[in-house]
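Open the model in a viewer and keep the selection tool at hand. The stops below are meant to be taken in order.

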Amino acid sequence: MDKKHLYAKKYTNADFYTDGKFNEQTAKKAFLDMFEHYGIPFTPFLEANFWVTDFGLGDFEHVGMGGVFWINNPDHRYFGHEIYLLPSQMIVEHYHVESAFPAKHESWQVRCGSVYNFGIGEPTPNPPALPESQKGHITVANYHVMNTGDLSALKESESRHFLMAGEQGAIVTEYGTYHDNDGLRFTNPNASL
């Protein structure tokens, strides 16, 4: 694809914060711009259920995400989620433990763009530049690159992991067992939903 047709970073932290407060509307606008580029329809369901988070860290340009839960069924214990990441944006490192439900297990399929999929294992050489705001809070250094169409799964239940978008951002479908926030843990003690 010609470089002029690639999606590129258009926003910085200065766009996402007003007097130090996270501006969710600007964050949603940034994702809508990316949706338009990738031809993702903004359906009524998506409009009603689309959310964004900076994990309470004040660095949405580098650490944050948008998403929608298509389904999260506790009775049958299955989950369908779309993850939206702006260019080079990272989901804060996290893991899932047993709560009233078994620890969540998940798989990811890249729909548009690319991601670095970080998890347990021997460190991979030449990692991408990780956000300065997360230095000291990242414990996994093994990664593989996932491009459009690629599918990958969590290596081991309860293991630490995160995704970070490539330079063109990413839209990723997640398939998993029931997502229970009570079982969600962040490596960074300052992170929250």
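The tour goes from a surface patch through ring pairs and salt bridges to three single residues.

The model is predicted, so local features require pLDDT of at least 70 and side-chain atom pairs pLDDT 80 or more, while totals for chains, interfaces and linings use all residues. Numbering starts from 1 along each chain as its sequence is written, and side-chain values rest on heavy atoms, with hydrogens and water left out.

**Stop 1: a nonpolar patch**

Select Phe-45, Trp-70, Ile-71 and Tyr-78, which make up a nonpolar surface patch with about 370 Å² of accessible area together. Patch residues have over 30% relative accessible area and no salt bridge; like charges are joined within 9 Å, and nonpolar side chains (Val, Leu, Ile, Met, Phe, Trp, Tyr) within 5 Å. The areas come from the Shrake-Rupley method with a 1.4 Å probe, and for residues only the protein chains shown count as cover.

Keep Phe-45 selected: this residue belongs to helix H3, residues 44-49. Helices (H or I, at least four residues) and strands (E, at least two) are DSSP runs numbered from the N terminus. Phe-45 has a relative accessible area of 39% and is therefore partly exposed. The classes are buried (under 20% relative accessible area), exposed (over 50%) and partly exposed (in between), with a 1.4 Å probe and protein chains only.

**Stop 2: ring pairs**

How many aromatic pairs does the structure hold? There are 21 aromatic pairs. The rings of Phe-45 and Trp-70 are stacked, because their centres are 5.6 Å apart and their planes stand at 25°. With Phe-45 in helix H3 and Trp-70 in strand E4 (residues 65-73), this pair ties together parts 25 residues apart in sequence. Trp-70 is partly exposed at 36% relative accessibility.

Rings of Phe, Tyr and Trp (its six-membered ring) pair if their centres lie within 6.5 Å; planes under 30 degrees apart count as stacked, over 60 as edge-to-face and the rest as tilted.

Next select Phe-69 and Phe-79. Their ring centres are 5.0 Å apart and their planes are at 75°, so this pair is edge-to-face. Phe-69 sits in strand E4 and Phe-79 in strand E5 (residues 78-85), so the pair connects parts 10 residues apart in sequence. Phe-69 is partly exposed at 29% relative accessibility, whereas Phe-79 is buried at 4%.

For the last ring selection, take Tyr-11, Phe-16, Tyr-17, Phe-22, Phe-31, Phe-35, Phe-42, Phe-50, Phe-60 and Tyr-84, which ring pairs link into a cluster.

**Stop 3: salt bridges**

The whole structure contains 5 salt bridges, each defined as a side-chain nitrogen of Lys or Arg within 4 Å of a carboxyl oxygen of Asp or Glu. Select Lys-9 and Glu-61: their closest N and O atoms are 2.9 Å apart. This salt bridge links distant parts of the chain, 52 residues apart, with Lys-9 in the segment before helix H1 (13-16) and Glu-61 in the loop between strand E3 (51-53) and E4. Lys-9 is partly exposed at 39% relative accessible area, and Glu-61 is buried at 14%.

Lys-135 and Glu-132 form another salt bridge, 3.2 Å from N to O; Glu-132 is exposed, with a relative accessible area of 62%.

Then select Lys-104 and Glu-106, whose salt bridge has an N to O distance of 3.9 Å. Both residues are buried. Through shared partners, salt bridges join Lys-104, Glu-106 and Glu-174 into one network.

**Stop 4: His-161 and Ser-159**

Stay on Glu-106 and add His-161; a polar contact of 3.3 Å joins their side chains. A polar contact is a pair of N or O atoms within 3.5 Å; within protein, one must be able to donate a hydrogen and the other to accept it, and residues adjacent in sequence count only if both atoms are side-chain atoms. His-161 lies in the loop between strand E9 (151-153) and strand E10 (162-176), and is buried at 3% relative accessibility.

Ser-159 is in the loop between E9 and E10 and is buried at 6%. The Ser-159 side chain reaches the backbone oxygen of Glu-156 at 2.5 Å. Leaving out residues up to four places away in sequence, Ser-159 touches His-94, Tyr-95, Ile-120 and Leu-154; contact means heavy atoms within 4.5 Å.

**Stop 5: Gly-113**

Finish on Gly-113, in strand E7 (residues 106-119). Is Gly-113 buried or exposed? Gly-113 is buried, with 15% relative accessible area. Residues up to four places away in sequence aside, Gly-113 touches Tyr-38, Met-146, Asn-147, Thr-148, Gly-169 and Ala-170.
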